[in-house]
Amino acid sequence: MSRFCHPGRIYYGILVLVALAGLPGCAPTVMVSSRTAARRSHSLLRPEEYAALSRAWAEAMQFKQEYYQFPDHGREWNRMLAQLEWATARHRPYPHLIHGPASRRWVSLTFDDGPDPRTTPLVLDVLHATRVPATFFLIGRNAERHPNLVRRIVAEGHVLGNHSYHHIYLTRISPENARTELAACSKVIRLITGRSPRYYRPPGGHFDDSLVETGRQLGMRLVDWTDTLGDWQSPSPSLLLRHALGMLRPGGIMLWHDDIPVTAEVLLAFIQEARARGYRFVPLRAFERPAQDRRLDRPAPVRATVPFTRRAPRPPST
Ligand SMILES: [Zn+2]
């Protein structure tokens, strides 16, 4: 037996070969498969649909760039534009769900901007443990990345809504691009769950006549909210809880965000306290009444930017 054919050396040689060929081979294999997975997670739509979405995104970014050139990053301009929209759009007789009957202590919870793998499961755990139904307005791009989470939301009895594909303000882009955004999000949800969403909520609550018409053509009902809690500003848990309980009202459609950690933190305490006060959590469909579709009979919803902004200190009394 030559010294190169000694069984011990052969065994050692195999190990060396595995180390040299196998291990470096593993890395590219893993990389390829993760790249494939990434590609797969973005392959629900057709190439021309992604191209159209890129145009919508580019238009939104162009708009943003333009108003960022203002000294205050366009905040004032944006605020005025939003005010104008809120003043006009919200007082049209749209088929538009904004609140439930004020005669019953019923509240419907809605969660926007998910699914998020860090926080959505926590929110779902609380909802499951407390048997509370909710509506999740998904961002199409996030849904595409986390299809299992989307399936879990549906499997646990919740309803899905459309929150556009990229989460861009749909009134700041052309009607065609706005349609592309809504249609793509609906399609992603349909391809994952087998059903198209019946509800949509435009990002930022910005809508106008043409967007409402687009939503109608796509077979969806616009859902607004009664109260937005400002959880996206990540306040402290105690402040958010106090604020949420303060906003409890019969027929409320509460806007939460399931991609914000503090939301998951306070949700259980909120649900328990709301129930102790006699509130019942119902799905959005419990609020769908023909009379409500005709006309908005309440003022514009409350925006929660105010409670979390610090007040200017009072001048010392002299
Ligand atoms: Zn949103």
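Which residues in H6 meet Ile189, Ile192 and Thr193 in H7? Keep that one in mind while you get your bearings; the tour reaches it at the third stop.

**Stop 1: the whole chain**

Start with everything shown, and remember that this is a predicted model. Colour by pLDDT: the mean for the chain is 81, and 76% of the residues reach 70 or more. Now select residues 1-5, where pLDDT stays under 50 and the model has three contacts beyond four places in sequence. Residues 291-318 also have a pLDDT below 50, and this stretch has 27 contacts in the model beyond near neighbours in sequence.

Switch to a cartoon view and you can walk through 12 helices and nine strands. Of the 318 residues in the chain, 37% are buried. If you draw a contact map, look away from the diagonal: among contacts between residues at least 6 apart in sequence, 81% join residues at least 24 apart.

**Stop 2: helices H9 and H10**

Select residues 237-246 for H9 and residues 261-276 for H10. In general, two packed helices are described by the angle between their axes and the distance between the axes. Here the axes come within 9 Å and cross at roughly 45°, so H9 and H10 are oblique to each other. The crossing of H9 past H10 is right-handed.

Next, show side chains. On the H9 side, pick Pro237, Leu240, Leu241, Ala244 and Leu245; they meet Val262, Glu265, Val266, Ala269, Phe270 and Glu273 in H10. Colour this contact by residue class and you will find nine nonpolar residues, no polar ones and two charged ones.

**Stop 3: helices H6 and H7**

Move on to residues 147-155, which form H6, and residues 175-193, which form H7. Their axes come within 10 Å, with a crossing angle of roughly 75°. H6 and H7 are therefore roughly perpendicular to each other.

Here is the reply to the opening question: Pro147, Val150, Arg151 and Val154 are the H6 residues that meet Ile189, Ile192 and Thr193 in H7. By class, the contact of H6 with H7 divides into five nonpolar residues, one polar and one charged.

**Stop 4: Leu122**

Select Leu122, which sits in helix H4 (residues 120-130). Is Leu122 buried or partly exposed? It counts as partly exposed, because it has 17 C-beta neighbours inside 10 Å, and 20 would be needed to call a residue buried. Now add Thr263 to the selection and run a distance between the C-alpha atoms: Leu122 and Thr263 are 9.3 Å apart in space, with their places 141 residues apart in sequence.

**Stop 5: backbone details**

Most residues other than glycine have a negative phi, and most peptide bonds are trans. Three places are worth a look with that in mind.

- Gly114 to Pro115: this peptide bond is cis, with omega near -5°. Pro115 lies in the loop between strand E2 (106-112) and H4.
- Ser164: although not a glycine, Ser164 has a positive phi of about 75°. Look for Ser164 in the loop between strand E4 (159-162) and H7. With 28 C-beta neighbours inside 10 Å, Ser164 counts as buried.
- His167: here too phi is positive, at about 60°, in a residue that is not a glycine. His167 lies in the loop between E4 and H7, and it is buried, with 21 other C-beta atoms within 10 Å.

Technical notes: Residues are numbered from 1 along each chain as its sequence is written. This is a predicted model: local features need pLDDT of at least 70, side-chain atom pairs count only at pLDDT 80 or more; totals for chains, interfaces and linings use all residues. pLDDT is the predictor's confidence in each residue, from 0 to 100. Two residues are in contact if their C-beta atoms, placed from the backbone, lie within 7 Å. Axes are lines fitted to C-alpha atoms, for helices over the stretch in contact, and angles run from 0 to 180 degrees between N-to-C directions. Helices (H or I, at least four residues) and strands (E, at least two) are DSSP runs, numbered from the N terminus. Angles under 35 degrees count as roughly parallel, over 145 as roughly antiparallel, 65 to 115 as roughly perpendicular and the rest as oblique. A crossing is left-handed if the near helix is turned anticlockwise from the far one by less than a right angle, and right-handed if clockwise. Ala, Val, Leu, Ile, Met, Phe, Trp, Tyr, Cys and Pro count as nonpolar, Asp, Glu, Lys and Arg as charged, and the others, Gly among them, as polar. A residue is buried if 20 or more other C-beta atoms lie within 10 Å of its own, exposed if 12 or fewer, and partly exposed in between; C-beta atoms are placed from the backbone.
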